[in-house]
Each structure stands twice: as C-alpha cells, then as structure tokens.
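User: I'd like a close look at just one part of this one: the strand pairing. Take it slowly, and tell me what your cut-offs are as you go.

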Amino acid sequence: MNDLRAECRALRKQLDAAGDGAIFAEALEAVSEAIVIYDAEGRLVTCNHNFRELYGYSEEEARPGVHFAELGKIDVARGHVVVGDEYGDGDAYLERKAEYRRSLEGSFIVQLKDGRWLKTTDRRMSGGGFVSVQVDITEIKHKEEVFRNAMEQAEAAARSKSEFLANISHDLRTPLNAILGFSEMVLGEVSGPFENETYRGYLENIHKGGRLLLSIVDDILDTAKLDSGKYNLKPERFDPIELTEEVLATFTPISRDKDLQISVTAPPEGMPTIVSDRRALIQIMNNLVSNACKHTDDGGSIDLRWGLSEGKYVQFSVTDNGVGMPAELVAKIGEPFLSDGSATALRGERGTGLGFYICTKLVDLLGGVLSVDSTPGEGTSVSVQWPLESLAPEPMT
Ligand SMILES: Nc1ncnc2c1ncn2[C@@H]1O[C@H](COP(=O)(O)OP(=O)(O)O)[C@@H](O)[C@H]1O
Ligand SMILES: [Mg+2]
C-alpha cells in the first residue's frame, strides 16, 4: 500500500516537472491514430507524426498555420483522393470536406489512390477550433467487402437451390401421377375384375407410398416457390364453410379409421363470404387438419372454428385433444424441417416438417398471423387470423 502511494507521488512529481504541454505532446505521438488540431479559422495548430505519414506530408507542408484547404489541395494534386468514385472529382472532394468541417457531425470516409480507406472524425473544441482524428480503416473495408461478396454468393446459392427444387419437383410429379392414376384404375377394377388379393395388398401399398411421396414433393415445391417469392396470390370470393367441407371430405378415410369426431363451428350469425386466396387457405387447412388427425389418438375430437373479430379480421382455428406439442417445438414454429424427433411425432406417416413452415409463409402473404397454443397430453389449438379485405378481387374485365 505504502509502495503504491510512493509510486503515485513520484509519478505526480514527474508530471508536474514535465508540465501539461509536454505530456500532451508525448501522448499525441504515442497514440496509433493520426491526430491534427485546427483553430477556429481552420489553420493547423499541431499534428502528430502519424498524420504526416498517413498523407505523406512533409514537416514543411503540415506546418502550424497552414489551412486545411491547402492540405486538401496537396492531396488532390498528388492524386491521393480517388477521383470519379462516389466522392466525385477533386473539387467535389474539397467541397464535401469543407461541408463536413462546417457541420462537424458524424465521420468523413475517403479512399486514397493507393487503395487505403481513411476515416476522419472531427470534433469541435471550446475555442472554436476542432480536433481531427484519422484512422486507416482499409482492413475493415476489405472485411466488409468479403462479407458482402459472401452474402451475395449465399443468396445466389439459395436462389439456385429454390429453382432446382422447383424444377425437380415438377419433373417428379408427372411419373408420380401416373403411378397414382394407374394404381387407382387397377384397384377400381376399371377394365375388369382384379382377383388376386395378395396383389391387391401390394398395389394398395404402392398407392399409399405414391401419395406420401406426392405430398412430400408438393411440400418441397411449395417451399421452393415461397422461398423464391414466386407464390402468387389469386383473390376469389367464396364461402368459407363450403371450403371447409370440401377440405374435410378428403379426411373421411382417416377420421373413420381412427374414429375421430371432426366438427365445424361457425358463429351464430353465420360466416359471410370472404375474398382471399382459396388455394392458400385450402393448403393451410389441409396441413392443420392432417396434423391434428396424425397427432390425436383414436376416438379423439377435432374442432374447426370460424369467426370474425372486430369485424376486421377473419379467423379460423383447428383444435384437437391429441398428444400436444412440447414448448420447445412450439417455439420453433416458422422454421423449416420441424420435428420433435420423438416416437409420438412419427406415429403417423412421417412428414417433411415443412407443413408449419409453409403455413406460416402463406399466412404471412395474407398479411395475417398464425399462433399455436398447445399443452402436452391435452391437445393443440392452431389459429390463423388475417385482415378481412386484405385481398381485393381482381377487377372484372
Ligand atoms: N396438432 C398437433 N399435435 C401435436 N403435434 C403436432 C401437431 N401439429 C404439428 N405437430 C408437431 O409439429 C411437427 C411439424 O409439423 P408440420 O410442420 O406440419 O410437419 P409434418 O406434418 O410434415 O411433420 C410434427 O411433426 C409434430 O411433431
Ligand atoms: Mg403437417
């Protein structure tokens, strides 16, 4: 402790002996930035070695009393400032620098002929003069460029991935439709009776596998379209309850198999017709109902509820009393390839984990929100809400 006090006293003595001016001059030379101080008229008061070095000024050129405009002219004459870039030619550069020095706000960035980037930050001092701190930011600029290039490359890669997926999905659908169509024809005994029951079983498996594959291909195609902004909404006027019944008809086989009670609830005053993208809504509803069917045990119930809120928003929800979702999974909704990886998640047909991702993107396009409320062991409710007249019908031609 005593040692420390003695040291402080010694240091203080040293400082007193040197005087503030000498300490300041020493500090000015010791820092790594280029520093220059100008008086209220813009004439150089003092500068450090780094400042002269940065621009290649001689001691004579960067002498006390010289105006910053003189130094600027030297820069331009030596071709120091990059001409013809965003800073304009020599005169424009000088004008911009003078402008900056009138306001002394923010920073002034310039590139020199040798490729270096310099950042000047000036701050006013009490006597009307100002202190200018200049730093070589070439390395930061290079890193920015590397980062920008990497971003551009990543975006281009994502674009070509989406295009590739969209094309390949289209190509996969054609043979898949043949597999589905012809297996349906044979199973339906279109050209005469089909007697071998073992083969019927095989054929049913082919058909089931084909359907699953088609739904995966469709998910990938929709994801690719949504990711590349190529999903165009087509507004139409329709009756939402009729649409719901159409969607639910495709779930009759699974609800019968699992003995699920599926109900549709509309407000007492009924639902008006709405203008929206029918296909997007069918897709959203399909995924939510298929999720509910997959993750609800036999004998469970599912309710599809329509409503209007504040007369401004349309809303529908799909509520089941199934296995529910863990909070970690709910938190990830909106991310692609969602799966809790558990046996429960896989008890039905294994999906792509793109369903919620597609729904979230579609609801986004409608200008709405999708929210999930789920309790493991009790059930899940997913609701979608969007502005009533967000999509104007196309004008009649
Ligand atoms: N109603 C639900 N009840 C319980 N879990 C659900 C429900 N809906 C979705 N999940 C869980 O969320 C995951 C992701 O759903 P989704 O994005 O539609 O993908 P996919 O249906 O292709 O698996 C499902 O695998 C499942 O684990
Ligand atoms: Mg799904």
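Analyst: Let's start at a turn. Gly 115 takes a positive phi near 100° in the hairpin of E3 and E4, where five residues sit between the strands. (Helices, H or I with at least four residues, and strands, E with at least two, are DSSP runs numbered from the N terminus.) Bear in mind that this is a predicted model, with pLDDT of at least 70 needed for local features and 80 or more for side-chain atom pairs, while totals for chains, interfaces and linings use all residues. Residues count from 1 along each chain as its sequence is written, chains are lettered from A and ligands numbered from 1 in the order written, and side-chain values use heavy atoms, with hydrogens and water left out.

On either side of that turn, strand E3 (residues 108-111) and strand E4 (residues 117-124) are antiparallel partners, held to each other by four bridges. (To pair, two strands need at least two bridges found by DSSP.) If you want a spot to click on, take Ile 109, which stands opposite Lys 119 in E4.

Carry on along the chain and E4 turns into another hairpin, this time with E5 and again with five residues between the two strands. Gly 128 is in that turn, and its phi is positive too, about 100°. Strand E5 (residues 130-136) is joined to E4 by seven bridges, and the two run antiparallel. Here Arg 123 is the residue that faces Val 131 in E5.

E5 also has a partner in strand E1 (residues 34-38), through five bridges in the antiparallel sense. Look for Ile 35, whose bridge partner in E5 is Val 133. E1 in turn goes with E2: three bridges join them, antiparallel once more. Tyr 38 has Leu 44 as its bridge partner in E2. The turn of the hairpin that E1 and E2 make has five residues between the strands, and Gly 42 takes a positive phi near 90° there.

Put those pieces together and you get an open sheet of five strands, in the order E2-E1-E5-E4-E3, with antiparallel pairing. Its edges are strand E2 (44-47) and E3, each pairing on one side only. From one strand to its neighbour, this sheet turns by 20° on average, with direction ignored. (Axes are lines fitted to C-alpha atoms, for helices over the stretch in contact, and angles run from 0 to 180 degrees between N-to-C directions.)

Now for the other sheet. It is open as well and has five strands, but they come in the order E7-E9-E10-E12-E11 and the pairing is mixed. Strand E7 (261-265) and strand E11 (369-375) are the edge strands here, each pairing on one side only. Neighbouring strands in this sheet are turned against each other by 15° on average, direction ignored.

At the E7 edge you can see a parallel pair: E7 and strand E9 (residues 301-309) share five bridges in that sense. Thr 265 is a handy marker, since it stands opposite Arg 305 in E9.

This sheet has helices lying across it, too. Helix H7 (residues 240-249) lies across E7 and E9, and its direction is about 160° to that of E9. (Contact means heavy atoms within 4.5 Å.) Helix H9 (residues 278-294) lies across E7, E9, strand E10 (313-320) and strand E12 (379-387), running at about 20° to E10.

So which views should you try? For the antiparallel sheet, follow the order E2-E1-E5-E4-E3, stopping at the turns with Gly 42, Gly 128 and Gly 115. For the mixed sheet, begin at edge strand E7, step over to its parallel partner E9, and then bring in H9 where it crosses E7, E9, E10 and E12.
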